Amino acid sequence: MASSSYFLVIALLALASWQTMASDPILVNGFVCKDPKDVKAEDFFLAAKLDMPRDTNTNKVGSNVTLINVMRLPGLNTLGISLARIDYAPLGENPPHAHPRATEILTVLEGTLYAGFVTSNPDNKFLSKVLNKGDVFVFPEGLIHFQFNPNPYKPAVAIAALSSQNPGAITIANAVFGSKPAISDDVLAKAFQVEKNTVDWLQAQFWADNHN
Ligand SMILES: *[C@@H]1O[C@H](CO)[C@@H](O)[C@H](O)[C@H]1NC(C)=O
């Protein structure tokens, strides 16, 4: 055996024994990756009560997103999927936002939703639908999208699946006008083609997150 490959074998053996002796858990994507022999049903289970309505009066947009991602359900680690229940007050909306790491497929369980997304540059084509109970709509990865409940009397409920264990969410208004610290109003006035005092007014609003 050539001395260089002999050295490589020794190095790999040392690494392997160090890994088995180490008391720290092995992390993958920053989350614990359990030894298969230690895995329990509970690692893949969460009593999330997704059958229960959520409170939609705590924010001005009138919606409440309950996301079951890898932070809540450790067994999702490396599996590329997550789930959300979304509750909408009458005239409530899940405001324009994007998921940097996931495509979303949504179905309406109760009520009606007006939903849409905008394609990337240069077309910025707006594709939208009115969804009734049982209908399904897809929001492709990374694109800005929203859902709005047009009914002034009845709430709506949707379930969405997302193609990432940690899809991430960028709520457009919150990120642009509610950043900490604020983006310069010179920058935003030019970008949005409005007066600086309009930007200042927007930046003075309270940009609440509708996610749990
Ligand atoms: C969502 O509803 C729950 C109660 O069902 C409430 O505790 C929580 O504050 C609400 N979250 C948001 C972001 O509105």
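Rings of Phe, Tyr and Trp (its six-membered ring) are paired when their centres lie within 6.5 Å; planes under 30 degrees apart count as stacked, over 60 as edge-to-face and the rest as tilted. A search of the whole structure on this basis finds 6 aromatic pairs. The structure is a predicted model, in which local features need pLDDT of at least 70, side-chain atom pairs count only at pLDDT 80 or more, and totals for chains, interfaces and linings use all residues. Residues are numbered from 1 along each chain as its sequence is written, and side-chain values use heavy atoms, with hydrogens and water left out.

## Aromatic pairs

In one of the pairs, the ring centres of Phe117 and Phe137 are 6.0 Å apart and the planes stand at 40 degrees, so this pair is tilted. It links distant parts of the chain, with Phe117 in strand S7 (residues 112–118) and Phe137 in strand S9 (residues 136–139), 20 residues apart. Strands (E, at least two residues) and helices (H or I, at least four) are DSSP runs numbered from the N terminus. Phe117 counts as buried at 10% relative accessibility, and Phe137 counts as buried at 13%. Here buried means under 20% relative accessible area, exposed over 50%, and partly exposed in between (1.4 Å probe, protein chains only).

Phe126 and Phe146 form a stacked pair, with 6.0 Å from centre to centre and 25 degrees between the planes. This pair also joins distant parts of the chain: Phe126 is in strand S8 (residues 126–132) and Phe146 in strand S10 (residues 144–148), 20 residues apart. Phe126 is partly exposed at 41% relative accessibility, whereas Phe146 is buried at 15%. Ring pairs link Tyr114, Phe126 and Phe146 into a cluster.

## Annotated positions

The UniProt annotation "binding site" (unreviewed entry) covers His97, His99, Glu104 and His145. These positions are spread over 49 residues of sequence but cluster in space, with a largest C-alpha distance of 11.9 Å. UniProt also places the feature "binding site" (unreviewed entry) at Asn94, His99 and Glu104. UniProt positions are given in the numbering used here, feature names are shortened, and annotations may be inferred rather than shown by experiment.

The table gives location and relative accessible area for annotated residues.

| Residue | Location | Relative accessible area |
|---|---|---|
| Asn94 | strand S5 (residues 93–98) | 3%, buried |
| His97 | strand S5 | 2%, buried |
| His99 | loop between S5 and S6 | 7%, buried |
| Glu104 | strand S6 (residues 104–110) | 3%, buried |

Contacts (heavy atoms within 4.5 Å) connect these residues to other parts of the chain. Leaving aside residues up to four places away in sequence, Asn94 touches Ser63, Val65, Ile86, Tyr88, Phe146, Gln147 and Asn210. With the same exclusion, the residues that Glu104 touches include His97, His99, Phe137 and His145. Again apart from neighbours within four places, His97 is in contact with Glu104, Leu143, Ile144, His145, Ile170, Thr171 and Ile172. On that basis too, His99 touches Glu104 and His145, among others.

The side chains of His99 and Glu104 are joined by a polar contact of 3.0 Å. A polar contact is a pair of N or O atoms within 3.5 Å; within protein, one must be able to donate a hydrogen and the other to accept it, and residues adjacent in sequence count only if both atoms are side-chain atoms. A polar atom of the His97 side chain lies 2.7 Å from the backbone oxygen of Pro95.

## Ligand surroundings

The ligand is surrounded by Arg54, Asp55, Thr58, Asn59, Asn64, Asp209, Asn210, His211 and Asn212, where a residue is near a molecule or strand if one of its heavy atoms lies within 4 Å of it. A polar side-chain atom of Thr58 is 2.4 Å from an oxygen atom of the ligand. For Asn64, a polar side-chain atom lies 2.4 Å from a ligand oxygen atom. An N or O atom in the side chain of Asn212 is 2.9 Å from a nitrogen atom of the ligand. Taken alone the ligand exposes 360 Å², and the protein buries 62% of that. Accessible areas come from the Shrake-Rupley method with a 1.4 Å probe; for residues, only the protein chains shown count as cover.

## Other residues

Asn69 lies in the loop between strand S3 (63–68) and strand S4 (82–88). Asn69 is buried, at 10% relative accessible area. Leu27, in strand S1 (residues 27–28), is exposed at 51%.
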